[in-house]
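This briefing sets out what can be read from a model of one protein chain. Please consult the sequence and the structure shown here while reading the points that follow.

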Amino acid sequence: YKILLENEGDETNDAKGGHVVFNVKTFKNTDKRRTGFVRDDENVDDLHYFVKINLLQALTGYNINITHLDGHIVEMNNLAEEGQDSEVTVPLSVKTIEGEGMPIV
């Protein structure tokens, strides 16, 4: 696939912006990492949730709702606020949500 952004390159005083071309190559999904909840063996109060996001979500942000083990909804939001740039998510990123681990009894 090719994504073409016409005249979106850097401009100079004597030349208009050039084209920006992204060449995208897709592969079969060979990622066998698990998704969902995993309890942390080292700290029993921590709970890990693995989620896969696509390239568009990684570059522009995402809003994902997770149903917690007790049934309540936990929102993971990485969308940019009005007038701000979005934060790019890099591979193997970790986002911590305080108070949403295993219940302490």
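V21 belongs to strand 2, which spans residues 20-23. The model is a predicted one, and the protein in it averages a pLDDT of 81. The points below begin with V21 and its surroundings, then turn to the overall architecture and to further individual residues.

**V21 and its partners**

- With a relative accessible area of 44%, V21 is partly exposed, because that value falls between the limits of 20% and 50%.
- Once residues up to four places away in sequence are set aside, V21 touches K2, I3 and L4.
- The C-alpha atoms of V21 and L4 are separated by 4.7 Å, although the two residues stand 17 apart along the chain.

**Strand 1, the loop after it and a surface patch**

- L5 is located in strand 1, which comprises residues 2-5.
- The relative accessibility of L5 is 36%, so L5 counts as partly exposed.
- L5 is a member of a nonpolar patch on the surface, together with Y1, I3, F22 and V24.
- The accessible area of these five patch residues, taken together, is about 500 Å².
- N7 is situated in the loop between strand 1 and strand 2.
- The phi angle of N7 is near 55°, a positive value in a residue that is not glycine.
- N7 is partly exposed, because its relative accessible area is 34%.

**Overall architecture**

- The protein contains one helix and six strands.
- Read from the N terminus, the order of the elements is β-β-β-β-α-β-β.
- The protein has 105 residues, of which 14% count as buried.
- About 9,300 Å² of the protein surface is accessible, and 50% of this area belongs to carbon and sulfur atoms.
- When contacts between residues at least 6 apart in sequence are considered, 26% join residues at least 24 apart.

**Confidence of the prediction**

- A pLDDT of at least 70 is reached by 89% of the residues.
- Confidence is lowest in strand 3 (residues 36-39), where the mean is 73.
- Confidence is highest in strand 5 (residues 63-67), at 90.

**T67 in strand 5**

- T67 is a residue of strand 5.
- T67 counts as partly exposed, because its relative accessibility is 47%.
- Apart from neighbours within four places in sequence, the residues in contact with T67 are F37, H72 and I73.
- T67 and G36 are 31 residues apart along the chain, and their C-alpha atoms are separated by 10.0 Å.

**N78 and T89 after strand 6**

- Both N78 and T89 are found in the segment after strand 6, a strand that covers residues 73-77.
- N78 is buried, because its relative accessible area of 10% is under the 20% limit.
- T89 likewise counts as buried, because its relative accessibility is 17%.
- The side chains of N78 and T89 are joined by a polar contact of 3.1 Å.
- A polar atom of the N78 side chain also lies 3.3 Å from the backbone oxygen of E87.
- Beyond neighbours within four places in sequence, N78 is in contact with G61, Y62, E87, T89 and K95.
- On the same basis, T89 is in contact with I53, A58, Y62 and N78.
- Y62 therefore appears among the contacts of N78 and among those of T89, contact being counted for heavy atoms within 4.5 Å.

**L92 after strand 6**

- L92 is also placed in the segment after strand 6.
- L92 counts as exposed, because its relative accessibility of 71% is over the 50% limit.
- The phi angle of L92 is near 65°, which is positive in a residue other than glycine.

Methods. Residues are numbered from 1 along each chain as its sequence is written. This is a predicted model: local features need pLDDT of at least 70, side-chain atom pairs count only at pLDDT 80 or more; totals for chains, interfaces and linings use all residues. Side-chain values use heavy atoms; hydrogens and water are left out. Helices (H or I, at least four residues) and strands (E, at least two) are DSSP runs, numbered from the N terminus. Buried means under 20% relative accessible area, exposed over 50%, partly exposed in between (1.4 Å probe, protein chains only). Patches are made of residues with over 30% relative accessible area and no salt bridge: like charges are joined within 9 Å, nonpolar side chains (Val, Leu, Ile, Met, Phe, Trp, Tyr) within 5 Å. Accessible areas come from the Shrake-Rupley method with a 1.4 Å probe; for residues, only the protein chains shown count as cover. A salt bridge is a side-chain nitrogen of Lys or Arg within 4 Å of a carboxyl oxygen of Asp or Glu. pLDDT is the predictor's confidence in each residue, from 0 to 100. A polar contact is a pair of N or O atoms within 3.5 Å; within protein, one must be able to donate a hydrogen and the other to accept it, and residues adjacent in sequence count only if both atoms are side-chain atoms.
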